[in-house]
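User: Please take a close look at one part of this structure, the open sheet in the first chain. I would like to know how its strands are arranged and what surrounds them.

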Amino acid sequence: MTTQTPSVPGFALPSYERPRGLHPPLDSPGYRSTELRAPRRPLVALPHRLTEITGPLLGEERVTPADADLTTQHAGEPLGERIIVTGRLLDGGGRPVPGTLIEVWQANAAGRYAHPVDNHPAPLDPNFSGAGRCMTDSEGRYRFVTIKPGAYPWRNHPNAWRPAHIHFSMLGRAFPQRLVTQMYFPGDPLFSQDPIFNSIPDPKARERLIARFDLGLTQPDWALGFEWDIVLRGPAATAIERAEDHR
Amino acid sequence: MTAGLTPSQTVGPFLAIGLPWLDGPFVVPEGTPGAVEITGRLVDGAGVPVPDGMIETWQADPDGRFTHPDDPRGAPEPAGTPFRGFGRCMTGPDGGYRIVTLRPGPLPSPDGGTEAPHLDVSVFARGLLARVVTRIYFSDEPEANESDPVLASIPEAGRSATLIAQADPERAGVFRFDIHLQGERETVFFDV
């Protein structure tokens with residue numbers, strides 16, 4: 001194969017902030033599945049060059065408005081509490097992240113996933129698949145209509161139950177912004193025993209995964225409203241600017 | 001730590017409900033002239049295949065260009081064939097994945113060097129509380145790999161070999177790249 005050296009003189013690229021202590025340690029023994037899957041050797045620092053400061057900017061053509069309503073994908077309505085989940089996708093500098101794909105998946109109201117590996121003896125709902133997607137708008141906003149997922153048992157430890165949650169996947173606009181996480185509901189009594197939620201070292205960062213109930217978003221006689229903002233890594237300079245702002 | 005950023009959580013075991021795309025593995029349509037296949041297995045520390053993982057790839061086009069506003073070289077020439085730059089493949093029961101793509105070109109590095117052709121890779125799975133990131137290089141680019149700044153930065157001798165996809169001697173255009181999450185042959189993962 002030919003490998004010609006491109007003749008481009010030195011140039012400057014943006015780089016993205018590197019949050020320390022934000023994400024859960026990969027080796028989190030309380031979550032047993034990490035035991036054979038979390039890498040053991042130290043990660044190697046990768047400076048941000050061209051491949052890292054870019055990312056897939058996929059077109060709206062991949063998504064239809066109907067994809068954002070998980071309650072209208074079948075002939076009938078799913079069982080459960082109808083909810084609206086909405087918020088903004090922002091970067092660490094507070095700027096909106098527009099035109100990027102958000103994908104969600106979740107259990108049904110009984111805490112059962114429409115997936116062959118889920119053998120929790122709770123009923124499937126023929127009117128609920130549990131998957132949705134949307135693009136953020138020019139202000140970074142997203143909005144899903146769905147039903148509130150149920151809690152469900154798992155085998156991590158005796159009498160283990162996952163708090164109710166919706167899985168969220170964000171492509172972001174550059175490789176460092178790629179994020180998959182889970183959104184939780186306020187006041188869930190299961191937080192204290194959940195090793196996945198508690199794998200996040202900073203309790204304040206955990207709280208940022210909990211949506212806020214909002215009566216203003218709640219639609220009378222129709223659906224409860226929850227607001228949840230998601231904040232992806234921003235350009236590295238914003239961290240410096242903000243530190244200066246606070247002096 | 002920057003205040004306010006959203007922390008990661010695992011994709012869990014049921015990612016296949018929400019994340020597969022029918023065209024995910026095809027960065028270019030199958031049968032595109034010059035297309036290569038990158039294939040391999042995702043395995044855990046016991047050597048057991050990971051059947052509930054997801055591999056994503058991101059790369060330059062064959063000219064080393066990105067369709068992205070932050071590439072200071074501007075937009076690439078419109079390509080004759082659709083090229084997404086992004087690939088996504090769920091792992092199968094044998095931990096296997098495949099990505100059909102065009103070989104990326106080499107890239108100028110801001111410090112004046114040249115990066116060998118490569119793909120950035122994100123790995124997601126139950127048991128991974130955050131994605132892990134690696135890179136795929138090509139075994140038939142020995143000279144470019146030799147002068148690549150990222151391969152050169154890997155501290156332990158020999159470990160950079162875990163980042164080199166091996167050309168299949170029997171199938172032209174097929175490269176083999178296994179990802180070992182742990183163990184003797186643990187793949188190099190990056191803090192990106």
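Analyst: What follows describes the sheet, then the chain around it, then the contact with the other chain. The model is predicted.

The sheet is open and has four strands, in the order β4-β3-β8-β9 of chain A, with antiparallel pairing. At its edges lie β4 and β9 of chain A, each of which pairs on one side only. From one strand to the next, the twist averages 20°. In general, the strands of a sheet pair through backbone hydrogen bonds, and the pairing may be parallel or antiparallel.

Take the β4 edge to begin with. Strand β4(A) covers residues 131-135 and is mostly covered, with four of its five residues buried. Its link to β3(A) consists of five bridges, and the two strands run antiparallel. One residue pair here is Leu101(A) with Met135(A), the latter being the bridge partner in β4(A).

At the other edge, β9(A) is joined to β8(A) by six bridges, again in an antiparallel run. Here His167(A) has Gln182(A) of β9(A) as its bridge partner.

The chain that holds this sheet contains three helices and 12 strands. Chain A has 247 residues, of which 42% count as buried. Its C-alpha trace spans about 60 × 55 × 40 Å along the principal axes. Among the contacts in chain A with a separation of 6 or more, 72% are between residues 24 or more positions apart.

The sheet also has a part in the contact between the chains. That contact takes 72 residues from chain A and 71 residues from chain B. Elements of chain A that give two or more residues to the side touching chain B include the sheet strands β3 (101-106), β8 (165-170) and β9 (179-184). Also on that list are β1 (44-45), α1 (50-53) and β12 (230-232) of chain A. By residue type, the side of chain A that touches chain B divides into 41 nonpolar, 19 polar and 12 charged residues.

One of these elements, β1(A), also pairs across the contact. Two bridges join β1(A) to strand β12 of chain B, residues 190-191, and the two run parallel. In this pairing Val44(A) stands opposite Phe190(B). Within the open sheet of chain A, by contrast, the pairing is antiparallel.

To sum up, the sheet runs from β4 to β9 of chain A as its edge strands, and β3, β8 and β9 of chain A are among the elements that give residues to the side touching chain B.

How values were computed
Residues are numbered from 1 along each chain as its sequence is written. Chains are lettered from A and ligands numbered from 1 in the order in which they are written. This is a predicted model: local features need pLDDT of at least 70, side-chain atom pairs count only at pLDDT 80 or more; totals for chains, interfaces and linings use all residues. Two residues are in contact if their C-beta atoms, placed from the backbone, lie within 7 Å. Ala, Val, Leu, Ile, Met, Phe, Trp, Tyr, Cys and Pro count as nonpolar, Asp, Glu, Lys and Arg as charged, and the others, Gly among them, as polar. Two strands pair if DSSP finds at least two bridges between them. A residue is buried if 20 or more other C-beta atoms lie within 10 Å of its own, exposed if 12 or fewer, and partly exposed in between; C-beta atoms are placed from the backbone. Axes are lines fitted to C-alpha atoms, for helices over the stretch in contact, and angles run from 0 to 180 degrees between N-to-C directions.
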